[in-house]
Amino acid sequence: MNHPKIGIRPTIDGRWGGVRESLEEQTMNMAKRAAKLIEDNLRYPDGEKVEVVISPTTIGGGAEAAVCEEFFANQNVIGTLTVTPCWCYGTETMDLNPNTIKAVWGFNGTERPGAVYLAAVMAAYAQRGLPAFSIYGTEVQDKDDESITPDVAKKILDFARGAVSVGIMKNQSYVNIGAVSMGIAGSVVNVDFLQKYLGMRTEWVDMTEVLRRITLGIYDPEEFERAFAWVKEYCKEGMDINAGKDFPEIIKRSRYIKDDEQWAFCVKHAMVVRDILEGNPKLAELGWHEESLGRNGISGGFQGQRMWTDWLPNADFTEAVMASGFNWNGKKMPTPFATENDTLNGVAMMFGWLSTGKAPIFSDVRTYWSPDAVKRVSGKELGGYAKNGIIHLINSGASCLDASAAAKDENGNGTMKEWWNLTDEDIKACCEATDWCRADYEYFRGGGFSSHFKTSAEMPVTMIRVNIVEGVGPTLQVIEGHTCVLDEDVHRILDERTSKTWPTTWFAPKIGVGAADSVYNVMAKWGANHGATVEGHVGDRLLTLASMLRIPVAFHNVEEERIFRPHSFNGFGTADLEGQDYRACAYYGPLYK
Ligand SMILES: C[C@H](O)[C@@H](O)[C@@H](O)C(=O)CO
Ligand SMILES: [Mn+2]
C-alpha cells in the first residue's frame, strides 16, 4: 500500500545573533513532539504506522523553505504541518507547494509570539488561495512545557489523518465490475468526480471477466481448496425461504449452477474479484501474467443484478468478505466494495474506512420505524437509543461480517475493530453470528447465499453517503448515532416483514444536533437508497476530510465545536457554517482540476 507521509516544517524567527539561536532547540523539539504524536496514534489502513519526516533544518526564510521543499519532494509528502513557538516571517516561511495539504501549529505561549505568526501566516495562506488548517491551543502553556494539550493533539491528528486519507486514495483505482445495476444512479460511475476530486482512476471490467476466470481456472487452486474448506467449516447454511415454493418455469429454468455446486462457484467468485482488484503473484506462476498484475484497485463494486444474478449465483459472499476484516486466510485489510456497483456508496465506504481503519457496512436505507408504528405492529415500546424511532439498515444479502459486532472489546462488549486488532476468537464469533441463506429466487434466480446476521451490540456509529447533485457537484451526508439491539420479539416482527435473510442493523441517529432534527428526517433527507456505516463517532473526521477534498457537507449532526476546516473558510462568511462550506468548496474547486 501507498504510504503518504506527513512532513513537518519547524519555522523560526530568522534573525541570527541571539533570537534564532535561542529558539532552535525549542522549535525542533516541537517538530519532534508532533511527529511522535502522529506516529504513536495514526496507522495506515494496512496497519503500518503513519510515517513522518521532519525538515532537515528549521526554516527562517525562503532559502531554508526551499531546502525543506526539496527534501520533501521525493518522499511522498501529502500534508505539511508547520510548527513554531515564535514569530517567523509569514510569506517567507509558508509552504507554497500547491499539491500539499497544509496546517500550522502556533504554540500558545506568550513569551514568544507563536500565535501571532500563526495569524499572520493564515492571512498569507488565505490571500494566496491555499487553504490551511490553523492549530492553536485554548490555554496558555509555559515555554518549557513539552506537553501537547488535548485540543491541539486532536487537531494535529484530525489534520494528519485527513491528509493521509487524501494521499492513500490518490493514484489508486476504483474498479467497476459490471455496469449500472437496476438503474441505480450512484452506479453510473462519474469519472470526473473520481479523477478530479479524489485523484483516482476509474476501471471498467465486464462481468464476463469473472466468468472467464472461473471457467478457465484463472485462480490459485491451492487457495481455492483452503477457502472452500474454510467455508465448509465456518459458513453455516441458514434458512431456505424458497423451500416448498412452486416457482414459475422461468425462475426454475434460470438457476444455471447446480445447488450443490453453488458454494464452490461463490468462493471462486470471491477470489477472482479480489485478484482483479489487487493482483496476485500466484497467477503469474500459473502463466497468467497480465491477470497477476491486478488493476491497482483500492475499492470497487459488482453490478450483479440483474444480468448476472438472473442466472448465476449472486456476489453476496464476495461482497461480504471483500469488505470484512478477515477471510479464509485470517485477518486482512478490508476493501470497500459496493453492492449493486453503487460507486458513490463505495466511495462513502472508502471514506469511512480511511477515517477509522475499520470494515465499512453497506446498507439499503430501508425503513423508518416510528415509535408509534413499532407499537402498532409489535405491541411494544421502543426504549434506549431507539426511543425516537429507528432506521432499518439492511443490505440485499451482503455486508462485512464485522457488522455482526460479535468481536469483543477489552470489557467484553460487542464492537467492530481495526482489522489488525481482530483476534482468532473475534473472527470465529463473527462467523458464528452469521448464517448463509440461499438467496430469494424471486429476486435472485441464479441463487447464491446471503450473509444473514443482525448487529448485536449498541455501538456508536457514523452513517455516510456521497451524492452528486447537478448544479453543485459532489456532496457528503454524515450522520452519527448508535446501533440498537431491540427486544428480540420486536426485532423478529420488524425483520420478518422485510427480506428476512439479509443482514440487519438497527440505527438510531443522534437527533437535536445540526440538521438531524428527527429520525424521520434523516431517512427522508437521505440522498439515495444506500448508505455506508462505520463504527465510532467520526463525523468530525469526515467533515475535515471533505473540506480537504472540497466536497461540501449537505447534512450532518456533528457538534460545531468538533468541526475543523481550513482557516480561510471563515472568509466565506461565518454566520452559517453550511453555507460557508458550500461557498468555500465551490470557490476552491476540486484538488486535481
Ligand atoms: C433485491 C432487490 O433488487 C434489492 O437489491 C433492492 O431492494 C436494492 O437493494 C436496491 O438498492
Ligand atoms: Mn441495494
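**Exercise 1.** Work out how helix 5 and helix 14 are oriented towards each other in this predicted model: roughly parallel, roughly antiparallel, roughly perpendicular or oblique?

*Solution.*
Step 1. Find the two helices: helix 5 covers residues 150–169, and helix 14 covers residues 343–356.
Step 2. Get the two numbers you need. A packed pair of helices is described by the angle between the axes and the distance between them. Here the angle is about 130°, and the axes lie 9 Å apart.
Step 3. Check the cut-offs: over 145 degrees would count as roughly antiparallel, and 65 to 115 as roughly perpendicular. Neither fits an angle of about 130°, so helix 5 and helix 14 are oblique to each other.
Step 4. Add the handedness: the crossing of helix 5 with helix 14 is right-handed.

**Exercise 2.** Find out which residues of helix 5 and helix 14 meet, and sort them by class.

*Solution.*
Step 1. On the helix 5 side, pick out Arg161, Ser165, Ile168 and Met169.
Step 2. Their partners in helix 14 are Met350, Leu354 and Ser355.
Step 3. Now sort them: this contact has four nonpolar residues, two polar ones and one charged one.

**Exercise 3.** Zoom out and say which element gives the largest share of the side of domain 1 that touches domain 2.

*Solution.*
Step 1. Split the protein into domain 1 (5–169) and domain 2 (173–588).
Step 2. Look at the contact: domain 1 puts in 21 residues and domain 2 puts in 24.
Step 3. List the elements of domain 1 that each bring at least two residues: helix 4 (114–127), strand 5 (132–135) and helix 5.
Step 4. Pick the winner: helix 5, with nine residues, has the largest share.

Methods. Residues numbered from 1 in each chain as written. Chains lettered and ligands numbered in written order. Predicted model: local features only at pLDDT ≥ 70, side-chain atom pairs only at ≥ 80, totals over all residues. Axes fitted to C-alpha atoms, helices over the stretch in contact; angles between N-to-C directions. Helix = DSSP H or I, 4+ residues; strand = E, 2+ residues; numbered from the N terminus. Parallel < 35°, antiparallel > 145°, perpendicular 65-115°, else oblique. Left-handed = near helix turned anticlockwise from the far one by under 90°. Contact = placed C-beta atoms within 7 Å. Nonpolar A, V, L, I, M, F, W, Y, C, P; charged D, E, K, R; others polar. Domains from an automatic or database assignment.
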